[in-house]
Every structure is written in structure tokens, then in C-alpha cells.
Amino acid sequence: ASMPLPEVSHKRVVLLFDCDCFYAQCEMLEHPEWRKKPLAIKQKYLVVTCNYVARKSGVRKLQSLEDAKLRCPDLIIVDGSDLTKYRAVSMRVFNVLKRFGGAAAKHERLGMDEVFVDVTRAAEEDREDEPRLMGHLFQPDPAAVRAARTLRAELNFREAPAADAKAEQSDSGSEDGDWVRDYRETASPDDAKAALADEQLCDCGCQKRLARASKIAAEARMALFKEIGLTVSCGVSTSKMLAKIAAGLNKPNKQTTLLPQHALALVHALPTRVIPGLGFGVASALRELHPPVFTCADLAREGVRPLERLLRATLKSPPAGLAKDLWQRSLACDTDAVKPFSG
DNA sequence: CATTATGACGCT
DNA sequence: TAGCGTCATA
């Protein structure tokens with residue numbers, strides 16, 4: 001009965017490019033013979049990243065070298081404490097991506113291996129009437145769609161959930177990175193075509209804009225591969241948060257489009273850590289509440305006021321408006337702009 | 001909750 | 001304002 005549901009505008013189009021196992025790929029550029037072999041990059045006694053061959057043997061990020069070698073005795077290990085080489089490749093990636101999205105596009109680096117691109121204008125100006133979607137389209141299962149609908153209803157009115165779906169409450173508190181597996185979708189081309197044409201979903205034109213943007217993403221990924229030799233994963237959606245989540249759905253070397261109409265069905269059951277700006281500290285404080293807050297749906301039901309209290313108790317000096325921002329993001333509404341030239 | 005960084009922010 | 005601590009990020 002307090003805060004109105006956040007307004008979801010679909011007007012932006014945001015891409016997130018995420019280099020697959022970045023340090024490992026940089027090393028493989030110099031040593032092509034390592035491509036088919038398990039390769040790990042270490043700092044001190046830890047594996048900071050590894051290629052996908054190594055992952056098949058159970059090697060993981062932030063594993064101790066000891067564990068990694070036990071799981072994969074023929075693991076090739078390279079020291080990655082000198083970042084010079086990686087910084088250089090990172091700049092090449094950024095420079096290639098700057099060519100895409102047109103003059104009005106905005107590009108923002110996040111760390112060395114991720115780049116956001118706001119391609120709103122280019123997607124608007126594209127005249128193609130029936131754009132074909134490139135890559136994957138996320139499609140939620142019907143149960144998730146129902147759960148999202150009842151969550152919205154719950155917050156709009158103070159009523160019990162519809163008799164329809166009381167099905168899944170809180171999911172297990174899974175490991176970081178674990179949740180991604182459960183939500184991978186590979187859309188069949190026919191399903192994708194149907195979803196894009198579904199006027200019921202939205203009539204603001206976002207489906208077409210996102211499909212056009214998926215083509216830009218595909219072209220940019222192609223350029224990165226041809227000119228640098230790197231594979232990247234990409235998310236296509238209407239905000240930074242959603243693009244980032246989408247990019248994680250299909251990896252490596254894949255791209256995924258997430259329609260804003262499907263966002264809540266994806267986000268509601270995910271751990272609160274998927275929300276940008278909500279880090280380890282706040283997430284663990286949320287889990288300590290009782291009842292504990294694990295998922296974005298839990299956080300959405302909590303509301304802004306209790307979250308403000310928790311932030312004051314948890315953080316030294318919570319930035320003004322943080323509670324509201326986080327709460328809105330728990331409902332898949334992220335208005336954070338792509339800031340041009342952050343590098 | 002680590003590695004080796006960088007960036008955003010608030011406080012002084 | 002510059003510099004420091006905290007928190008988040010890869």
C-alpha cells in the first residue's frame with residue numbers, strides 16, 4: 001500500500017558484451033596450441049579464470065591451485081598477475097565495439113572484459129519491417145509467467161495470490177553462477193518468431209527494436225572474432241541489468257535476447273545478487289532477516305521502507321535513493337543509463 | 001570469501 | 001579539494 005509499481009519503459013535498447021573467460025582467451029591468442037587443452041590463469045595460489053576445456057574437468061574460478069590440479073592433472077597454468085597484456089586486449093575490444101551502434105550510441109566499459117552499448121537510436125532508425133532475431137530468445141515457462149503475474153498483483157493490491165499459482169515459493173539458495181544453468185533457454189526459431197510477432201505482449205515496438213539490435217550484436221561479435229580472435233557472449237534487452245542477465249543465459253560465444261515483458265518471470269526467482277549495486281554485504285544481511293530474503297520476489301514483497309532500515313543497519317552511509325533503486329530492480333526495472341566514455 | 005585490480009560514493 | 005574508507009565489480 002506504499003510505493004507504486006515502477007514504471008517500465010521499453011524505449012531503450014542495451015547490449016552487454018562479455019568476453020568469455022577473458023584472461024584465458026588472451027593467453028590462447030598468443031598460444032593457439034592451448035586452445036584444445038585445459039588452461040587456467042592463476043594469481044597467487046588461486047585460479048582466477050580458466051578456459052572451457054578446463055571447466056569440463058571441474059576447474060572453477062577462485063579455486064585453489066591445489067584443487068584444480070587434483071581435478072585436472074594435465075592443467076596448463078599461466079601466471080596472470082601482470083595485467084598489461086589483458087589491458088591492451090581490453091582496449092582493442094572496446095575500440096572495435098565503438099564502431100557499432102552508430103554515432104548516437106553510448107559505450108561503457110565494466111571492468112576489462114565487459115562493455116555496455118546503448119543502441120536505442122540505431123534500433124529505431126533501422127527501417128527493416130520484419131527483422132529476424134539473431135541468436136537465442138529467452139522464453140519463460142508458463143509457471144514462471146504465472147508467478148510473475150501474481151507477484152505484480154500482490155503488490156498492486158493487498159490480496160492473497162490468485163488460487164492459480166501458489167506453486168513455487170522460495171527456491172533453494174543456490175551458489176552464485178548456479179542459477180544460470182536452470183534458466184538457459186534455446187528458443188526454436190518458430191517460437192521466437194511467434195513471440196516477436198505477439199502483439200499481446202506489447203505494442204510499443206520493443207520487440208522489433210530488440211530484434212534489430214540482435215543483428216547489431218551478431219555483427220559486432222563477428223567483428224571481434226575476425227579482427228581480434230575473441231569470442232564473446234552478449235545480452236540484448238532494455239536495460240543494463242536485463243542485458244547482463246540475458247548475456248549469462250547462453251555461454252560461451254552465444255547471444256540472448258530478453259524481452260522486457262518476460263523479464264519479471266526470469267528475475268523473480270533469482271537470488272538478490274543479480275541486482276546491480278546489491279553486493280555481498282547487503283545480500284547476506286537480507287538472508288539474515290526473518291523471514292529470510294533470498295530471491296528478487298522476496299525483496300520486492302519486502303518493500304522500500306524495510307529495505308532502507310536494513311541498509312542503514314548494514315552500510316556505513318547508504319547513498320540516498322539506493323533502497324528505492326534496489327527495490328525497483330527487484331521488479332526488473334532498472335533505469336541506470338549507459339554512461340558514455342568510462343574509459 | 002580469496003586474486004588484483006578499478007570505479008563510485010560519502011565523509012572529513 | 002584531495003585523500004581515505006567502504007562497497008561493489010570483474
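The exercises below work through a predicted model of a protein chain with DNA.

Local features are described where pLDDT is at least 70, side-chain atom pairs count only at pLDDT 80 or more, and totals for chains, interfaces and linings use all residues. Residues are numbered from 1 along each chain as its sequence is written, chains are lettered from A and ligands numbered from 1 in the order in which they are written, and side-chain values use heavy atoms, without hydrogens and water.

**Exercise 1.** Find which stretch of chain A has pLDDT below 50.

*Solution.* Begin with pLDDT, the predictor's confidence in each residue, from 0 to 100. Its mean over chain A is 89, and 89% of the residues reach 70 or more. The stretch with pLDDT below 50 is residues 158–179, which has 20 contacts in the model beyond near neighbours in sequence, a contact being heavy atoms within 4.5 Å. Where pLDDT is low, the predicted coordinates should not be read in detail.

**Exercise 2.** Describe the open sheet of four strands and the helix H1 that lies across S2, S3 and S5.

*Solution.* Helices (H or I, at least four residues) and strands (E, at least two) are DSSP runs, numbered from the N terminus, and two strands pair if DSSP finds at least two bridges between them. The order is S4-S3-S2-S5, with mixed pairing, and the edge strands, each pairing on one side only, are S4 (63–64) and S5 (76–79). Next, S2 (residues 39–43) and S3 (residues 46–50) are antiparallel over four bridges, and Ala40 has Cys50 in S3 as its bridge partner. Finally, helix H1 (residues 22–30) lies across S2, S3 and S5 at about 115 degrees to S2, where axes are lines fitted to C-alpha atoms, for helices over the stretch in contact, and angles run from 0 to 180 degrees between N-to-C directions.

**Exercise 3.** Determine how the protein meets DNA strand B.

*Solution.* First list the residues near the strand, meaning those with a heavy atom within 4 Å of it; among them are Gln43, Lys44, Tyr45, Phe280 and Ser317. Then consider the DNA side: of the atoms of strand B within 4 Å of the protein, 68% belong to sugar or phosphate and the rest to bases. Last, examine polar contacts, which between protein and DNA are pairs of N or O atoms within 3.5 Å. A polar side-chain atom of Gln43 lies 2.8 Å from a base oxygen, whereas a side-chain N or O atom of Lys44 is 3.0 Å from a phosphate oxygen, and one of Tyr45 is 3.4 Å from a sugar or linking oxygen.

Note on methods:
Polar contact = N/O pair within 3.5 Å; in protein donor to acceptor, adjacent residues only side chain to side chain.
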